[in-house]
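Grab a pencil and work through these exercises on pockets and a ligand. Try each task before you read its solution.

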Amino acid sequence: TWSTRPQRILRAVQQSATRGDPRSVVRAIDQFCRHKEWAMNVGDEKGCILDSVVSELNPSTVLELGTYCGYSTVRIASLLPPHAKLITLEFNPDFAAVARQVIAWAGLQGKVQLVEGASGDWIPKMKEQFGVKTFDLVFLDHWKDRYLPDTKLMEECGLLRKGSILLADNVICPGTPDYLEYVRNSPRYKSQYFKSHLEYTKAEDGLEKSVFLG
Ligand SMILES: O=C(NCCCCCn1ccc2cnccc21)c1cc(-c2ccc(F)cc2)cc(O)c1O
Ligand SMILES: [Mg+2]
């Protein structure tokens, strides 16, 4: 049977990255996706913006929607303080299986809880299942038509507090127009666009950082 792209990404990590060294895992995936096969990781250019938001915020509780192969999971988890927790949600079991191995290769499995399922099902259960009060940071990188409904769901479930940060990937490409309109016009958010490029390409894309005002 033929390997899948996530499996080829995992092999590239196992062949080129050093166990326990998150930066070498990130570098191995970027090299593979730039020179061998494009894949929908947030990538190094937008990844640096992600790193700066995480480092500045120093969050204790992080939710990532859309794990894929664990590239952004590794970037975020490697920057978290000792007792911080990252919950990452992946719908596709094959992606989740690869991501678990990538996260383990980076030595970050102790900081990461990977949950398999759909955001609409899991967001209402976060408090009872994981003892989460509110999230300091949410990284949105899943189905683009779920960014807005899931943001409203997180508000309704009391998962956001004054100062919680939403950081959304792909607001230009593939695009999330309804989400952008909401966070840029709602009095409950202060929004800022970080112009960048679609991972490993010259096409425009960017991250939208939105602070929940309560
Ligand atoms: O589609 C993208 N990501 C989402 C993948 C599926 C997520 C599924 N999923 C995970 C958790 C979860 C929880 N609940 C429900 C569903 C859930 C994506 C696409 C592009 C892209 C592709 C082609 C192109 F030509 C240009 C750009 C670039 C990106 O950076 C992307 O992120
Ligand atoms: Mg993305």
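Before we start, here's how residues get sorted: Ala, Val, Leu, Ile, Met, Phe, Trp, Tyr, Cys and Pro count as nonpolar, Asp, Glu, Lys and Arg as charged, and the others, Gly among them, as polar. Also keep in mind that this is a predicted model.

**Exercise 1.** Sort the lining of the second largest pocket by class, and find which helices supply it.

*Solution.*
Step 1: List the lining. The residues are Arg-8, Arg-11, Ala-12, Gln-15, Ser-16, Ser-24, Arg-27, Ala-28, Gln-31, Phe-32 and Lys-36.
Step 2: Pick out the nonpolar ones. Ala-12, Ala-28 and Phe-32 fit that class, which gives the 3 nonpolar residues.
Step 3: Do the charged ones. Arg-8, Arg-11, Arg-27 and Lys-36 belong here, making 4 charged.
Step 4: What's left is Gln-15, Ser-16, Ser-24 and Gln-31, the 4 polar residues.
Step 5: Match numbers to elements. α1 (5-16) and α2 (22-35) each give at least two residues to this lining. The space itself comes to about 180 Å³.

**Exercise 2.** Describe the largest pocket: its volume, its lining and what takes up its space.

*Solution.*
Step 1: Start with volume, which is about 520 Å³.
Step 2: Go to the lining. There are 30 residues, and Met-40, Gly-66, Asp-141, His-142 and Trp-143 lie nearest the centre. Two or more lining residues come from each of α4 (71-77), β2, α6 (119-122) and α9.
Step 3: Split the lining by class, and you get 14 nonpolar, 10 polar and 6 charged residues.
Step 4: Ask what's in there. The largest pocket is the space taken by ligand 1.

**Exercise 3.** Work out how the protein surrounds ligand 1 and which polar contacts it makes.

*Solution.*
Step 1: Look at the shell. It holds 19 residues, with Ser-119, Asp-141, Lys-144, Asn-170 and Glu-199 the closest. By class, they divide into 9 nonpolar, 5 polar and 5 charged.
Step 2: Find the elements. β2 (85-90) and α9 (171-175) each bring at least two residues to this shell.
Step 3: Check N and O pairs against the 3.5 Å cut-off for a polar contact. A polar backbone atom of Ser-119 sits 2.8 Å from a nitrogen atom of ligand 1. The side chain of Asp-141 has an N or O atom 2.8 Å from a ligand 1 oxygen. For Asn-170, a polar side-chain atom is 2.7 Å from an oxygen atom of ligand 1.
Step 4: Finish with cover. On its own, ligand 1 exposes 690 Å², and the protein buries 79% of that.

Definitions and conventions: Residues numbered from 1 in each chain as written. Chains lettered and ligands numbered in written order. Predicted model: local features only at pLDDT ≥ 70, side-chain atom pairs only at ≥ 80, totals over all residues. Heavy atoms only, no water. Near = heavy atom within 4 Å. Polar contact = N/O pair within 3.5 Å; in protein donor to acceptor, adjacent residues only side chain to side chain. Areas by Shrake-Rupley, 256 points an atom, 1.4 Å probe, with all protein chains shown as cover. 1 Å grid on protein atoms, 1.4 Å probe; cavity = no way out; pocket = protein on both sides within 12 Å on 5 of 7 lines; lining within 4 Å. Sits in = over half its atoms within 2 Å of the grid points. Helix = DSSP H or I, 4+ residues; strand = E, 2+ residues; numbered from the N terminus. Points joined across faces, edges and corners; volume = space filled by probe spheres on them.
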